[in-house]
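This report describes side-chain contacts in one protein chain for a reader at the start of their studies. It takes up charged pairs, nonpolar cores, aromatic rings and backbone angles in turn.

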Amino acid sequence: MPCETILTIEAKPCRIKKICTCCTRWACLDFLIYTGADRVPVEDKQLYGLGGAVAKHLVGTIPTEKVIHLFTDRYFTGLEILDYLVSRNVYLTGTVMTNRTDGVAESFLKDTCMDRGSPVSRIREDRKTCLVKWKDKTSVLLLSSAFGFKPDGSCKRWAKEQRQRVDVKQPAIVW
């Protein structure tokens, strides 16, 4: 999972981002010290966006003979990088910004029309990509090439009006 570190150099605060890929035991597999947009190739940045280009760079050093699941935040998730990673046997799941969904997210219900725990999803025609909007307190937009919204599970959440923890339906992509 991507992480960010703030370092202090020579008693002056200097913001340096360390973006790393970690395994399930949080061991750092590879990292990139991000010092500016010129750190990744321009053609990758134009094709995948800056976050996608960074993800492509970091995944390039991981052997892909076995299936790999990559979990990212919204900065590194998009349809273009998802397609590239699937071609390399890497399956991406992460939160995604609305503007990186090719207009599909605008077809979803508004937050005010959704109940807590309700998912809305779209699956691409090639059945390799699932976009899910799930409402907890607020809505979350998730994109995945590995998971969908089924099977349903549940999680405990605090309900202010009932003043207790209640079960809320949760799609598989959120687990």
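The side chains of K156 and D167 form a salt bridge, with 3.4 Å from N to O. The model in which this pair appears is a predicted one. K156 belongs to strand β10 and D167 to strand β11 (residues 164-170), so the salt bridge ties together parts that are 11 residues apart in sequence. K156 is partly exposed, at 44% relative accessibility, whereas D167 is exposed, with a relative accessible area of 53%. The value for D167 lies over the cut-off of 50%, which is why this residue counts as exposed.

**Salt bridges**

Side chains of opposite charge can pair when their charged atoms come close. In this model the count comes to 7 salt bridges. Three of them are set out below.

| Salt bridge | N to O distance | Relative accessible area |
|---|---|---|
| D83 and R124 | 2.6 Å | D83 34%, R124 28% |
| D136 and R157 | 2.7 Å | D136 14%, R157 25% |
| K156 and D167 | 3.4 Å | K156 44%, D167 53% |

Which parts of the chain does the pair of D83 and R124 link? D83 is in helix α2, and R124 is in the loop between β7 (119-123) and β8 (130-135); the two residues are 41 residues apart. Both ends are partly exposed, D83 at 34% and R124 at 28%. Salt bridges that share partners join D83, R124 and D126 into one network.

The salt bridge of D136 and R157 also links distant parts of the chain. D136 is in the loop between β8 and β9, while R157 is in strand β10 (residues 153-159), 21 residues away. Is D136 buried or exposed? D136 is buried, because its relative accessible area of 14% is under the cut-off of 20%. Its partner R157 is partly exposed, at 25%.

**Nonpolar cores**

In soluble globular proteins, nonpolar side chains tend to be buried together. The largest nonpolar core of this model has 22 residues, and I81 and L85 have the most contacts inside it. Five elements each supply at least two residues of this core: α1 (42-59), β5 (68-72), α2 (79-87), β6 (90-95) and β9 (139-144). The largest share, 6 residues, comes from α2.

Which residues does I81 touch, if those up to four places away in sequence are not counted? They are Y48, G52, A55, K56, F76 and L92. One of these, F76, is buried, with a relative accessible area of 7%. A second, separate core has 8 residues, among them V40, A53, V54 and L58.

**Aromatic rings**

A pair of aromatic rings is described by the distance of the centres and the angle of the planes. The count for this model comes to 3 aromatic pairs. One of them is formed by F71 and F147, whose rings are stacked, with 6.3 Å from centre to centre and 25° between the planes. The angle is under the cut-off of 30 degrees, and the pair therefore counts as stacked. F71 is in strand β5 and F147 in the loop between β9 and β10, so this pair links distant parts of the chain, 76 residues apart. Both residues are partly exposed, F71 at 36% and F147 at 32%.

Y75 and F76 form an edge-to-face pair, with 5.1 Å from centre to centre and 90° between the planes. Y75 is partly exposed, at 33%, whereas F76 is buried, at 7%.

A ring can also lie beneath a charge: the charged end of K56 sits over the ring of Y84, 5.0 Å from the ring centre. K56 is also among the residues that I81 touches.

**Backbone angles**

Which residues have a positive phi although they are not glycines? N89 has a phi of about 70°, and D102 has a phi of about 55°. N89 is in the loop between α2 and β6 and is partly exposed, at 21% relative accessibility. D102 is in the loop between β6 and β7 and is exposed, with a relative accessible area of 60%.

Key: Residues are numbered from 1 along each chain as its sequence is written. This is a predicted model: local features need pLDDT of at least 70, side-chain atom pairs count only at pLDDT 80 or more; totals for chains, interfaces and linings use all residues. Side-chain values use heavy atoms; hydrogens and water are left out. A nonpolar core is a set of buried Ala, Val, Leu, Ile, Met, Phe, Trp, Tyr and Cys residues joined through side-chain atoms within 4.5 Å. Buried means under 20% relative accessible area, exposed over 50%, partly exposed in between (1.4 Å probe, protein chains only). Helices (H or I, at least four residues) and strands (E, at least two) are DSSP runs, numbered from the N terminus. Contact means heavy atoms within 4.5 Å. A salt bridge is a side-chain nitrogen of Lys or Arg within 4 Å of a carboxyl oxygen of Asp or Glu. Rings of Phe, Tyr and Trp (its six-membered ring) pair if their centres lie within 6.5 Å; planes under 30 degrees apart count as stacked, over 60 as edge-to-face and the rest as tilted. A charge sits over a ring if NZ of Lys or CZ of Arg is within 6 Å of the ring centre and within 35 degrees of the ring normal.
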